[in-house]
Amino acid sequence: MSIVKVSGCLFIKINTHIIIHLYFPHRIPLFTAMNSKQVILLHGLYTSPLIMKPLGTRLAAHGFEPHYFAYTTTHQSLRQHAHALADFVRRENLSPCHFVAHSLGGLLLRHLADIAPELVQARVVTLGSPHQGSAAAKRVHHIHAGLLGDSWQNALDGDLPPQPFPVPCGNIAGNLGTGLGRLLLALPEPNDGTVALAETQLPESVQLVVPCGHTGLLFSEKVAKQVAYFLQNGTFLNK
């Protein structure tokens, strides 16, 4: 057991699964936050909120109210997008809310937790997010940096805020390494065809590895069920 300080907020850490808030300015009561039905879905590189809609629809069937945040993934830094996301949460009065983020969206969420931890009050699930940086992106950056734009620095390069999420975090990763990405980019094994399993590691998170490809994580009914279960219970089904 230890006391952890994240951006001025104090927590008592029992283990990797249990974190109790000691002090959090403007903190919503813990029971209220964890039982929120609001969930914000964050898309990944080169995509839009449209790709998150199938997952959002499945979460709605579990009683959640999905909301979608759009950002231009290769224009402006994730830090700038994090400020825009914070404004979105406040403007739409969504706090307390859960977050579900795919790939680069999980890195955007890392920046949000760093600049506005008071907005990350319920639970978090990341899907295929390269928390340790992306070898595939590194190769693309060396070939043509412009293809990644602002998604490289302080994001896909692995240079991210070091603090853990101040709430329970589920970390789902795929190991079905199929597709051109695996062949062209020579990814370390195992991988999901875009991101290596080792790159998804995140301290203080609960990880679940599933037989899915990178984009397939968003369309799997089983993954959606696990996401909903984690948002409701803070752990994965049969974990």
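Which residues of helix α3 lie three residues apart, about one turn of the helix? They are Arg90 and Asp87, and the points below begin with the basis of the model before returning to this pair.

1. Basis of the model. The structure is a predicted model, in which local features need pLDDT of at least 70, side-chain atom pairs count only at pLDDT 80 or more, and totals for chains, interfaces and linings use all residues. Residues are numbered from 1 along each chain as its sequence is written, and side-chain values use heavy atoms, with hydrogens and water left out. Helices (H or I, at least four residues) and strands (E, at least two) are DSSP runs, numbered from the N terminus.

2. The pair within α3. Arg90 and Asp87 form a salt bridge, with their closest N and O atoms 4.0 Å apart. The term denotes a side-chain nitrogen of Lys or Arg within 4 Å of a carboxyl oxygen of Asp or Glu. Arg90 is partly exposed at a relative accessible area of 45%, and Asp87 is partly exposed at 43%. Here buried means under 20% relative accessible area, exposed over 50%, and partly exposed in between (1.4 Å probe, protein chains only).

3. The network around Arg90. Arg90 also meets Glu118 in a salt bridge, at 3.1 Å from N to O. This second pair links distant parts of the chain, since Arg90 belongs to helix α3 and Glu118 to the loop between α4 and β7, 28 residues apart. Glu118 is partly exposed, with 24% relative accessibility. Through shared partners, salt bridges join Asp87, Arg90 and Glu118 into one network.

4. A link between α4 and α3. The count of salt bridges comes to four. One of them joins the side chains of Asp114 and Arg79, with 2.7 Å from N to O. Asp114 lies in helix α4 and Arg79 in helix α3 (residues 78-91), so this pair ties together parts that are 35 residues apart in sequence. Asp114 counts as buried at 19% relative accessibility, whereas Arg79 is partly exposed at 31%.

5. A buried arginine without a salt bridge. Arg123 is found in the loop between α4 (104-115) and β7 (124-127). What is the nearest side chain of opposite charge to Arg123? That side chain is Glu204, 15 Å away, and Arg123 is buried yet has no salt bridge. For charge, Lys and Arg count as positive and Asp and Glu as negative, while His and the chain ends are not counted.

6. Surroundings of Arg123. A polar atom of the Arg123 side chain lies 2.8 Å from the backbone oxygen of Leu231. The backbone oxygen of Met34 is 3.5 Å from a polar atom of the same side chain. Leaving aside residues up to four places away in sequence, Arg123 touches several residues, among them His98, Phe99, Val167, Pro168 and Phe230. Contact here means heavy atoms within 4.5 Å.

7. Strand β8 and its neighbours. Strand β8 (residues 169-174) is mostly covered, with six of its six residues buried. Cys169, Asn171 and Ala173 are buried on one side, and Gly170, Ile172 and Gly174 are buried on the other. In a regular strand the side chains alternate between the two faces of the sheet. β8 pairs with β7 in the parallel sense over four bridges, Val124 having Cys169 as its bridge partner in β8. β8 also pairs in the parallel sense with strand β9 (residues 205-210), over six bridges, and Val209 in β9 is the bridge partner of Ala173. Two strands pair if DSSP finds at least two bridges between them.

8. Aromatic pairs. A search of the whole structure finds three aromatic pairs. The ring centres of Phe69 and Phe88 are 5.5 Å apart and the planes stand at 55 degrees, so the pair is tilted. Phe69 lies in strand β5 (residues 65-69) and Phe88 in helix α3, so the pair ties together parts that are 19 residues apart in sequence. Both residues, Phe69 and Phe88, are buried. The Phe230 and Phe236 rings, with centres 4.9 Å apart and planes at 40 degrees, also form a tilted pair, and both Phe230 and Phe236 are buried. Rings of Phe, Tyr and Trp (its six-membered ring) pair if their centres lie within 6.5 Å; planes under 30 degrees apart count as stacked, over 60 as edge-to-face and the rest as tilted. Phe69, Tyr71 and Phe88 form one aromatic cluster.

Note on methods: A polar contact is a pair of N or O atoms within 3.5 Å; within protein, one must be able to donate a hydrogen and the other to accept it, and residues adjacent in sequence count only if both atoms are side-chain atoms.
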